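Me: I've just opened this one and would like to talk through a few spots. Could you keep me company while I look around?

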Amino acid sequence: MAGIIIAVIIGCILLTAAVVVLRACCLKPTAARDTKVELKTDERSRTYGERLAEMIRRETVSSRFDSDKTKFYEFHKVLEELFPLVHQTCEKHVFNGSLLFKWSGQGKAEPILLMSHHDVVEATGEWEQEPFGGKIDEEGRLWGRGTVDTKASLFCIFTAVEELIKEGFHPQGDVYIASSCTEEFSGEGAPLTAAWLKEHGVKLSLLIDEGGMIMEEPIGGVKGTYAMVGVLEKGYGDLRFIAKGKGGHASAPGKNTPLVRLGQFMASVEKKDPFQSRFNPTVLEMFRRLTPNMNFGMKLVFANLWLFKPLLIKLMPLISPPGAAMLHTTIAFTMAKGADGLNVLPQEAYVTANLRFIPHQGTDESIDLIRKRAEKFGLQTEVIYKDYPCPVVDYQAEAFRKVEETVHEIYPGVGVSPYVMTGGTDAKYYKEVCENCIRFAPLYINKQQYESIHGLNENISIGTLPKGVDFYKKIIRG
């Protein structure tokens, strides 16, 4: 009898192994695997590059601690010089340095909004090229802060509208262009713009903001070129965890002082994450589209999530922190303060943490979980700021399909995949005026250019600009 049981177990193992291998072998590579984006440095791209360079040379670093908007109004003058027809034709609104243009439609089509912010982060450190010099090198790369994040996509939006106006085109529905000067610190620009739209009864059928872009090997082990289209943006929160004690002289320390309890708390969170990981529908669809072009080892796993999902949830933080961030609420400890003296025990100390909330374990539930963990170490929790996950855009709905079809027209052979935005965008403020907020910039960038966002040596290839302009033209025409 025992022999029969062992034989059955071995048979089940072999059958399962056969199914796993067969499922992986049946997934044939798609066209995206062998597709390369060829960027031409021709007259059109050089003209575009020189015009974008004028926008890059105008420094627009934003800060929540600086209310002076002079530099942004100076940047607006550059836009007016570069895009005169937009300014002559469209209705313009300014919200303390943030912009909204309305190009009135001639028909009954529903309105759309194309947006990209014009503020940038600081450009510290040693750059290969001056960060606000706007230099185009011999390889056709335009250098400068804001080239990728996000003046290039803003340039393409304005250029698309400028050229369509020049061609005599009239949109069937209203076309809006929005650009805030406060995106980098989640300031008032986008909320004021969204409030104006709501007040005027505008209901958008489609909004396209910054987000994913077009890259080769978007995830390690996935061969090919993909447009990664953000359809889910996590909620955002800043919390402060406070520890109190008696204080005193450092020469006679007691046990469990405020800083020690804070350290124990942080170590506890890192050792045992309190948040639940789950493969949400967006992530499942992303892997469904990427799996055919994975190397065989990865394909064995991702083609058989029915079997390996629990294991992947455990291993994903080790394999890919960005991938793990798509599965759960994340917490990152960011700032700390203790005593003001080197030999003083603090009566009060604190650490702050930045959280990004996943929809299946939203803002309030996640805060409650981390608050209970903090209480075990005698800590108080203060919510500095919180907002909620955005509505998820249906990748089977018309808005996503429109973007997908346009990508295929402009970039033949490139794959398109929905994905989870782990960072934040201005689009989160438009929930009440649009159900289809797509986070995607239609520009090809390489790995170095992606890593330069908020880092050193930000640059973009000017050869991608014509494709970006053509993308927005087709969206407007459509």
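**A few spots in the fold**

Me: Let's start with T406. Is T406 buried or exposed?

Reply: T406 is buried, and its relative accessible area is 5%. Buried stands for under 20% relative accessible area, exposed for over 50%, and partly exposed for what falls in between, with a 1.4 Å probe and protein chains only.

Me: Good, and what kind of model am I looking at?

Reply: It is a predicted model, where local features need pLDDT of at least 70, side-chain atom pairs count only at pLDDT 80 or more, and totals for chains, interfaces and linings use all residues. Residues are numbered from 1 along each chain as its sequence is written, and side-chain values use heavy atoms, leaving out hydrogens and water.

Me: Thanks. Which helix holds T406?

Reply: T406 sits in helix 13. Helices (H or I, at least four residues) and strands (E, at least two) are DSSP runs numbered from the N terminus.

Me: And which residues is T406 in contact with?

Reply: F471, K474 and I475, once neighbours within four places in sequence are set aside. Contact here is heavy atoms within 4.5 Å.

Me: Switching to L465. Where is L465 found?

Reply: L465 is a residue of helix 15.

Me: Buried or exposed, that L465?

Reply: L465 is buried, with 0% relative accessible area.

Me: What does L465 touch?

Reply: Leaving out residues up to four places away in sequence, L465 touches Y48, G49, L52, A152 and C156.

Me: How many residues apart in sequence are L465 and S153?

Reply: L465 and S153 are 312 residues apart in sequence, yet the C-alpha to C-alpha distance between L465 and S153 is 8.2 Å.

Me: Some of those residues sound like a helix pair. At what angle do the axes of helix 2 and helix 15 cross?

Reply: At roughly 85 degrees, and the axes of helix 2 (residues 43-57) and helix 15 (residues 465-477) come within 8 Å. The axes are lines fitted to C-alpha atoms, for helices over the stretch in contact, with angles from 0 to 180 degrees between N-to-C directions.

Me: What does that make the pair, then?

Reply: Helix 2 and helix 15 are therefore roughly perpendicular to each other. That label covers 65 to 115 degrees, while under 35 is roughly parallel, over 145 roughly antiparallel and the rest oblique.

Me: Which residues make the contact?

Reply: Helix 2 puts in R44, S45, Y48, G49 and L52, and helix 15 answers with L465, P466, V469 and D470. Our L465 meets Y48, G49 and L52 there, as its own list of touches includes them.

Me: Nice, that ties up. New topic: how many residues of helix 8 are buried?

Reply: Seven of its 10 residues are buried, so helix 8 (residues 281-290) is largely enclosed by the rest of the structure.

Me: Which ones are the buried residues of helix 8?

Reply: They are T282, V283, E285, M286, F287, R289 and L290.

Me: And what do the buried residues of helix 8 pack against?

Reply: A mix of helices and strands: helix 9 (296-302), helix 10 (305-319) and helix 13 (398-410), along with strand 7 (225-233) and strand 14 (415-421). Helix 13 is also where T406 sits.

Me: Okay, backbone oddities now. Which peptide bond is cis around D149?

Reply: The bond from D149 to T150 is cis, with omega near -10 degrees. T150 belongs to helix 5 (residues 147-166).

Me: I'd want to look at that one by eye. What about N96, what is its phi?

Reply: Near 50 degrees, a positive phi in a residue other than glycine. N96 lies in the loop that joins strand 1 (91-95) and strand 2 (98-103), and N96 is partly exposed, at 37% relative accessible area.

Me: And what is the phi of H454?

Reply: The phi of H454 is near 65 degrees, again positive in a residue other than glycine.

Me: Where is the place of H454?

Reply: H454 is in the loop between helix 14 (447-451) and strand 16 (459-461). H454 is partly exposed, with a relative accessible area of 45%.

Me: Great, that gives me plenty to look at. Thanks!
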